[in-house]
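Here is a short report on one protein chain. It covers fold, surface, charge and pockets.

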Amino acid sequence: MSERRLLLPADIWMRKIFDAKAAREGGVVRRSVRDIERIVGRDRFRREIGRRGYHAVENAGQVVIFCNNERVSVWC
């Protein structure tokens, strides 16, 4: 029998992300695309990032959120 994880309500889940110490200090936090889509939805999450003036990048199933409004450069 598989164990099913209970999901937090979307508002609480997002609040926990942006209340993390790294986020509060203007650092970065990382979440899986799968969790974002399953819990809050990609569009809602993108709106919240934009509302806060943050930036995010996606790669290999992960989203890295820069919890500040500084310019982001991608190095190749």
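The sections below go from the overall fold to the largest pocket.

## Fold and dimensions

This is a predicted model. The chain holds 4 helices and 3 strands. Their order along the sequence is α-α-β-α-α-β-β. The C-alpha trace spans about 45 × 25 × 20 Å along its principal axes.

Contacts were counted between residues at least 6 apart in sequence; 55% of these join residues at least 24 apart.

## Burial and surface

The chain has 76 residues, and 28% of them count as buried. The exposed area is about 6100 Å². Carbon and sulfur atoms supply 48% of that area.

## Charge

Positive side chains number 17 and negative ones 10. How far apart do the centres of the two sets lie? The centres are 1 Å apart.

## The largest pocket

The largest pocket has a volume of about 180 Å³. Three elements each give two or more residues to its lining: α3 (33–39), α4 (42–51) and β2 (55–59). Which of the elements gives the most? That is α4, with 4 residues.

The lining can be read in sequence order. It starts with Val33, Ile36 and Glu37. Arg42, Phe45, Arg46 and Ile49 come next. Ala56, Val57 and Glu58 follow, and Val63 completes the list. Charged side chains are part of this lining, including Glu37, Arg42, Arg46 and Glu58.

Notes. Residues numbered from 1 in each chain as written. Predicted model: local features only at pLDDT ≥ 70, side-chain atom pairs only at ≥ 80, totals over all residues. Heavy atoms only, no water. Buried < 20%, exposed > 50% of the residue type's maximum accessible area, 1.4 Å probe, protein only. Contact = heavy atoms within 4.5 Å. Areas by Shrake-Rupley, 256 points an atom, 1.4 Å probe, with all protein chains shown as cover. Charge placed at Lys NZ, Arg CZ, Asp CG, Glu CD. 1 Å grid on protein atoms, 1.4 Å probe; cavity = no way out; pocket = protein on both sides within 12 Å on 5 of 7 lines; lining within 4 Å. Points joined across faces, edges and corners; volume = space filled by probe spheres on them.
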